[in-house]
Amino acid sequence: MIIGIDVREGIKTHRAGKGEYVYQLVSRLILRDEHQFVLLADAALPNEWQRANVVAKICPVPAWLWQIWAVGYLELFRPVGVYFSPTSLIVPALVRRVPVITAVMDFVSFLFPARHNFKTVVLEKLWMRPALNISRAIIAISEQTKQDAIKLFKIDPDKISVIYLAAGLSAGAEQPYALPAGKLILAVGTLEPRKNIVRLVAAFDQIKTTILDSRLILMGRWGWQSEGIRQAIEKSPFKSDILVISDVSDTQKIAIYRQAAVLVFPSLYEGFGLPPLEAMTLGVPVVAARTASIPEVVGEAAILIDPLSVTELAEAIERVLQDPILANDLKNKGRQRAQMFDWDKTTEQTLQVLLKINPVK
């Protein structure tokens, strides 16, 4: 089969969760030489994607114009047997002559619109429903995402396949990254309201009064409505022990994870949540929010907390920092849990969904 894929997120230099998903998945799909792949992008493809069974279609224009180009290309030329869209909702909502499968990460725009990028909220509220209705199949990255789709849009459950992600980082070659000495509390993710960083800073202020050598490391790029986070850091009496790290390589991320005493993931909502899985893979104890899909990912291998309770968050982190037996138990459980998530399995399951779609006659 000839499979078309929107790969724009996967070719970015600095990839967030969605970009990591696209990169890892496409890197494995194209190894299946029995299929041809037409990769639609807005910039050059990575060197490792240069293969005999890969055709690159590149249109280096702004996103809105790219959508028009992609729809026109698919409608006029019908160059593929199936089109997989892990990024755009506009293309799936408009294409008719090629069967489309859409991957859905989450429904933040509908559940927490005030905590999300305004432009994204507007676009998703405009295009999500027609995209899901018209798509021949939907891939949800968690059972939580599937249930949200059913509840919000009355989608037929049989139309939705739950296919989990996996950790993009693995214990291997790493590039050294110097961090301050002490017990490092690591949080990973875009610095935006949904990630609940303001409460994490408040919890750190409590922890710091009893664990003097603790440090808070925030690894992520500044995102939408981040002013509140900046203010919380600036007002903290321990701001000199709060470090923000942006734009690091994957090999540097491994080194940063390895230096952490605990990974804290207090997010208010996640479609999946890769950082806890990455931490567990690398043997870092995890404290995470008892919300949305996060319990699906961590199982019993993490301490789950109410993300709205600063006290509960602080106490859980303190337990890990002060109890080496507990920390070691979480490390072992985390490594075991992480083995359940595998990109090869994700790829195979995704390919099976793509191959079940019959081309439009």
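**A helix pair and a parallel sheet**

Helix H7 crosses helix H12 in a right-handed manner. By class, the contact between H7 and H12 has nine nonpolar, two polar and two charged residues. This model is predicted.

Now look at the geometry of this pair. Two packed helices are described by the angle between their axes and the distance between the axes. H7 covers residues 197–208, and H12 covers residues 310–322. They pack at an angle of about 55 degrees. Their axes lie 8 Å apart. H7 and H12 are therefore oblique to each other.

Which residues of H7 and H12 meet? H7 brings Arg199, Leu200, Ala202, Ala203, Gln206 and Ile207. On the side of H12 they meet Val310, Thr311, Leu313, Ala314, Ile317, Glu318 and Leu321.

Next comes the sheet. It is open and has seven strands, paired in parallel. Their order is S3-S2-S1-S4-S5-S6-S7. Which strands form the edges? They are strand S3 (54–58) and strand S7 (160–162), each pairing on one side only. Neighbouring strands of this sheet are turned by 20 degrees against each other on average, direction ignored.

Zoom in on one strand pair. Strand S1 (residues 2–6) and strand S2 (residues 36–41) run parallel, joined by five bridges. For Ile5, the bridge partner in S2 is Leu39.

A helix also packs on the sheet: H6, residues 143–153. H6 touches strand S5 (100–104), strand S6 (137–140) and S7. The direction of H6 makes about 160 degrees with that of S7.

Terms used
Residues numbered from 1 in each chain as written. Predicted model: local features only at pLDDT ≥ 70, side-chain atom pairs only at ≥ 80, totals over all residues. Heavy atoms only, no water. Axes fitted to C-alpha atoms, helices over the stretch in contact; angles between N-to-C directions. Helix = DSSP H or I, 4+ residues; strand = E, 2+ residues; numbered from the N terminus. Parallel < 35°, antiparallel > 145°, perpendicular 65-115°, else oblique. Left-handed = near helix turned anticlockwise from the far one by under 90°. Contact = heavy atoms within 4.5 Å. Nonpolar A, V, L, I, M, F, W, Y, C, P; charged D, E, K, R; others polar. Pairing = 2+ DSSP bridges.
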